[in-house]
Amino acid sequence: MSLALPIYPATNMGESLSVPPPSLLDMLLREQQSTAVEKFSQWHEQDVAPLQERYYRDLIPLSRPGVGEQYAFEVDLDACSGCKACVVACHNLNGLEEEETWRSVGLLHGGTTQSPLLQHVTTACHHCIEPACLDGCPVKAYEKDPLTGIVRHLDDQCIGCQYCVLKCPYDVPKYSHTKGIVRKCDLCSDRLAVGEAPACVQACPNQAIRVAIVSKQAAIENAEANLFLPGAPEPRYTLPTTVYKTKRPMPANLLPADYYAAAPQHAHWPLVLMLVFTQMSVGAFVVDQMVNDVMVAGGASEQPANRMLHLATAFGLGLIGLAAATLHLGRPWLAYRSIIGWRTSWLSREVLAFGAFAATASVYALTPWLELAGFTVAPGLSRALGGIVAASGLGGVVCSIMIYASTRRAFWNPAYTGLKFLLSCLVLGIPLVLLIHLASSAWTSGAENDVAVSGLCRALCLCLMAVAMAKLLAEVAIFAWLQTSTFTPLRRTAILMSGDLSRVTQLRFAIGVVGGIVLPMLVLTHFFAAPEAPTYLVSVVVLASLLWLFNLAGETIERYLFFAAVVAPKMPGAPCT
Amino acid sequence: MSTTIYQAAQNLLGGMFHQPTGPLTAELLRNPGGFGLGQLPMAETPDATTAMTCGFCSTGCSLTIHLKDQSAIGLSPTTEYPVNLGMACPKGWEALSVLQSDDRATTPLLRDERGQLRPTDWPTALATFCQRMKAIQARHGNDSVAFLSTGQIATEEMAYLGSLAKFGMGMVHGDGNTRQCMATSVVAYKQSLGFDAPPYTYADFEQSDVIVLVGANLCIAHPILWQRVCRNPHRPDIIVIDPRKTETAMAATLHLPLLPKSDLTLFYGLAHILISNEWVDEKFIAASTTGFDDFQKHVTDFTPERVAAATGLNTDSLHDLARRIHLGKRVSFFWTMGVNQSYEGVRTAQSLINLALMTGNIGRPGTGANSITGQCNAMGSRLFSNTTNLLGGRDFQNEEHRRHVASILGIDQDRIPTRPSWAYDQIIEGILQEKIKGLWVIATNPVHSWINQNMLRDVLSRLDFLVVQDMYTTTETAQQAHMVLPAAAWGEKEGTLINSERRIGLIKKVARAPGQALADFSIFRLIAEAWGCGQMFERWKSPEDVFQSLKELSRGQPCDITGITNYQMLDERGGIQWPFPEHGGDNAAERRLFADGKFFHADGKAKFIFEQPARMPEEPTERYPFLLLTGRGTASQWHTQTRTSKSAVLRKLYPAEVYVEINPSDARRIGIKPEQRVLVESQRGSLVAKAFVTYTVQPGQVFVPMHYEQTNRLTLAHFDPYSRQPSYKNCAVAVRPAETHDGV
């Protein structure tokens, strides 16, 4: 709609009119800038005990937890009316960042038209008996207080890896981009220590939240009996201690208000690149090792210059991957701390494994240089070293798999993740090895090697096609979940990939088919068409480069979808948010 | 020496790997805040505190402002205040953060030759304002300039505005956005009880044994009043009458999901059953009321069978409801927008007043026919805005009233208009008929909130001069204005607010307004000067000066507040309810009206007022088969969201986009899946919303929250004939899956 507005000049209007004396305007503008609170009574002197105590006195325990006990939130669902004052009070009384909230309020609904049920649910950290955040943390930035059971986050210890965010099934730890660390609810432990109630407890108008002392054994039994809360993630994983009480019968069809919502998750680009490049590197070393075994068995051997290029490339790409990982950290300069959690954290173990991989690979990559410089490296030693590199690299990949598999997210289950990551090693490693063989072969163009290279390349292409096809089929299998009637996390992932993320998904499969099937076939036809033609190598190198790039792109997009299409478990959320 | 180096090295290395405390940990450390506040973040330790009334809704909570160097650094709810008892809703907790926003108006803005709003200075703005408005008046008559005011500014500012506009500038027509929420209660009370006098005090929530809530979702709209219900120790019977299963309905002991707009019939039917069973207080009726016999005849026809058919409830529940009211010793009736925003809202509110009167449930603890107001100062507006009523609840058409007001204000009686103002919708209509050419809008956002919004946008574009005075430049209405005047906000100025239970509370200046923004009070002073009528208001140099005048204007009226010495007294007492006359004022912190059974009509009696229920003007049809209900969405959203959308935390607590609640059976029938985008369409406009498929709305009805700009594209402009309040909660719409070209 267009606005027909009369036009007025913005200035020179005032001359002929009676303008108020500037003194009044000036005075009012001046007055406006002074606050005038001193003239009113100050309600309370400096040193008064907390006044709100009269309301929360009965909402916190009188004593400290005893042996086998701990503090826990207790929520009276019948009293939670969904005002969300707890969220904002926690934010304000704890001095959180502008958008930071440690508590949230979701909604469960269901029933029938005759008897509908609407249940708001306030939730914060559940101070679990087996906190997944604590187990996953690579730097031991979490501690569970042995006396109170409160799960505390040590902000200065945190390096900002956000693995706890992935591990916690209740979406509790909150990452701060400005601070580069995670923070979370500590049950206002300092307040409890001096007999004050946590902010949320103080602020609930209906006294729906209290702090109780619970028996850990009872908490475990409740979790095992799945008595936690309808619509909440399965409690056996971390044994949450929050007690949700209600007298209302909960209908069987009770669902979180955001049950049908499926929004793409954060893509975590540094992690995408880290996984793709480390897996390409490990894959290249593994494939190279196998190729060498085959060549040695066939009496041939690779030229040192060739091997130099080969190993340096594989090693360099691996380093890129590891470097990318540090970009994910909020405080990358503290990355070295990430090894100390190795007893419980797969992330620490991954760092150690890839550390060993990088160290041995650097030595291994040096061997052809030594040979070129005139030193003899015993073939057995070299091969053994290669074996160690491949093994430690594979160990790193297994740790990568476990990092995600142990979050218990359906799309990241061990089978899916394992299959993807291991096949990625091959889908990325084979083209790299192929490219380097062809490139160095074109460079040296030693006719005696051509036959061997040609055979090798044909084998690599066929392997790649088989592996790529297997991987694409495994990936496409997710869409089978679209046929199911229940709204499982995997079905949600499938809905995301065929909905919000459909363009990316289509691109992934298109590139995957081209890189994994079409281009290898073109390479193969070259070999079969004119194996003896001296010029074929240049065009085939171009093809092989494309093949490598397509597979790199395809796997990168696959890994993007791995993060973006995962459905994170969480407490019931609010409608349409 | 070497051991020291070894230890230092060990400490360094240890610190490198293990750092349990440090600067990041320190950021979250808390100190005892003093002032009875308990622990507070270290950086936010106050050096003083002061308490003031919240500026969002009419509950009128008190917030303790934490001050450092004379400026607000935080807040917490005031523990002892008799309204909120140490609690606040999310809006109150975030009341200070919404003041910090990039779109605050910091200078006057004037639309330039290219149609862009450009900053200008105050002298130019004031001169332009007066020149344009005077030019319009010269050409089209004094009454061709009107104003639309608000329930969001202080009483003193409303009084200044109303007086300036009508006595100083010669306007006749001015109304407030309170028309959209409260007008119905005003008229209902005036006609029934003789004065606009909600009789209750919040303690009544705690003292009832039967609480009847009609069209009121306290849990979401008034969380602190729900808190008071929760503090009731008598295990009250809570009866919620609402088409939707709201949070409040969930928590009720009885929810009656009646058909929309069948409430008037229901309450007549209830009166019928009460009378048939002789469950009425004949003594009270005889002593304190008139018109009961006619009322009795009127409800004879409202048999349980007829009422059941009209309301969709069964006769058993009707009898059950009547029995509960009969058995209750202290029955209170509360209503909110479900009643007020109706084309027959006045009669519906009066049907509740009738029930309270006939059962003697008024004037005693835990009883009353009680309207829960919307905005923080709707009640101030009702008494002192000088819009519909002459100052102090008086009548423009009454010469005696005009003379009295003129003498108190020391102005010429001829300056007071002799005809009452047009109501909001009539002012809009006046623009269409080219009778209104200049409009001054203060602290309200009609382009978002007015019913049938598309038409309003068009109407406002016909004005010669539209001035919007607001704290933000981005409101939908400011964006359409020729001039924007930058206003200081709640917290940046002084004055008083009057809450739902008639409690007068203070607001204080605890923060600095951005740029050249000025308190509305100061803007009115400047305009008075620039207009040339500054002399008339010479005695009003501060809000407290106006307050002293308002006291005089209240003398002898039911709302007599002559006993309140000054602001200091309001501050020390934690607010004071009207009446509080100079002599014989009751000092109790919580007081109700009509304990003596005397009402404000000349004969001291309350009237039974009633009328035949009418059909809603736009019932669902084959083309538009759903009935659209609108209302509040969450406790974190306030009206048109000009303020609440400025808090990052509040934004996290409500859906960012408009959504529509629809029953699963309807959704299934028309092929709508949860979370799907759907087109909601009325004869007037359409919107695309996300579907929230839920059993809490009945089949055939859909619900869309009012806080989204699109909602009022759909609503039908129809009004209560007595209160002129828009009926927002009933119009026919069609719902279907949205195509992509529907403009997602």
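These are my notebook entries on a sheet, a helix pair and a chain interface in a predicted model.

**Entry 1: the sheet in chain A**

I looked up the strand order first and found an open sheet of three strands in chain A, arranged β3-β2-β10 with antiparallel pairing. I noted that β3 (116-123) and β10 (255-256) of chain A stand at the edges; each has a single partner strand, so one side of each lacks a neighbour in the sheet.

I then followed strand β2 of chain A, residues 104-111, and found that it pairs with β3(A) in the antiparallel sense over eight bridges. For the register I recorded one position: Gly106(A) lies opposite Val121(A) of β3(A).

**Entry 2: two helices of chain A**

I next took helix α11 (residues 346-372) and helix α12 (residues 379-405), both of chain A, whose axes come within 8 Å and cross at roughly 155°. Angles over 145 degrees count as roughly antiparallel, and I therefore entered α11(A) and α12(A) as roughly antiparallel to each other. As to handedness, I noted that α11(A) passes α12(A) in a left-handed crossing. I sorted the residues of the contact of α11(A) with α12(A) by character and obtained 15 nonpolar, nine polar and two charged.

**Entry 3: chain B against chain A**

How many residues of chain B are in contact with chain A? I found 109 residues of chain B in contact with 81 residues of chain A. On the side of chain B that touches chain A, I traced the largest share, eight residues, to helix α4 (residues 122-140) of chain B. The residues of that side of chain B divide into 50 nonpolar, 35 polar and 24 charged.

Notes:
Residues are numbered from 1 along each chain as its sequence is written. Chains are lettered from A and ligands numbered from 1 in the order in which they are written. This is a predicted model: local features need pLDDT of at least 70, side-chain atom pairs count only at pLDDT 80 or more; totals for chains, interfaces and linings use all residues. Two strands pair if DSSP finds at least two bridges between them. Helices (H or I, at least four residues) and strands (E, at least two) are DSSP runs, numbered from the N terminus. Two residues are in contact if their C-beta atoms, placed from the backbone, lie within 7 Å. Ala, Val, Leu, Ile, Met, Phe, Trp, Tyr, Cys and Pro count as nonpolar, Asp, Glu, Lys and Arg as charged, and the others, Gly among them, as polar. Axes are lines fitted to C-alpha atoms, for helices over the stretch in contact, and angles run from 0 to 180 degrees between N-to-C directions. Angles under 35 degrees count as roughly parallel, over 145 as roughly antiparallel, 65 to 115 as roughly perpendicular and the rest as oblique. A crossing is left-handed if the near helix is turned anticlockwise from the far one by less than a right angle, and right-handed if clockwise.
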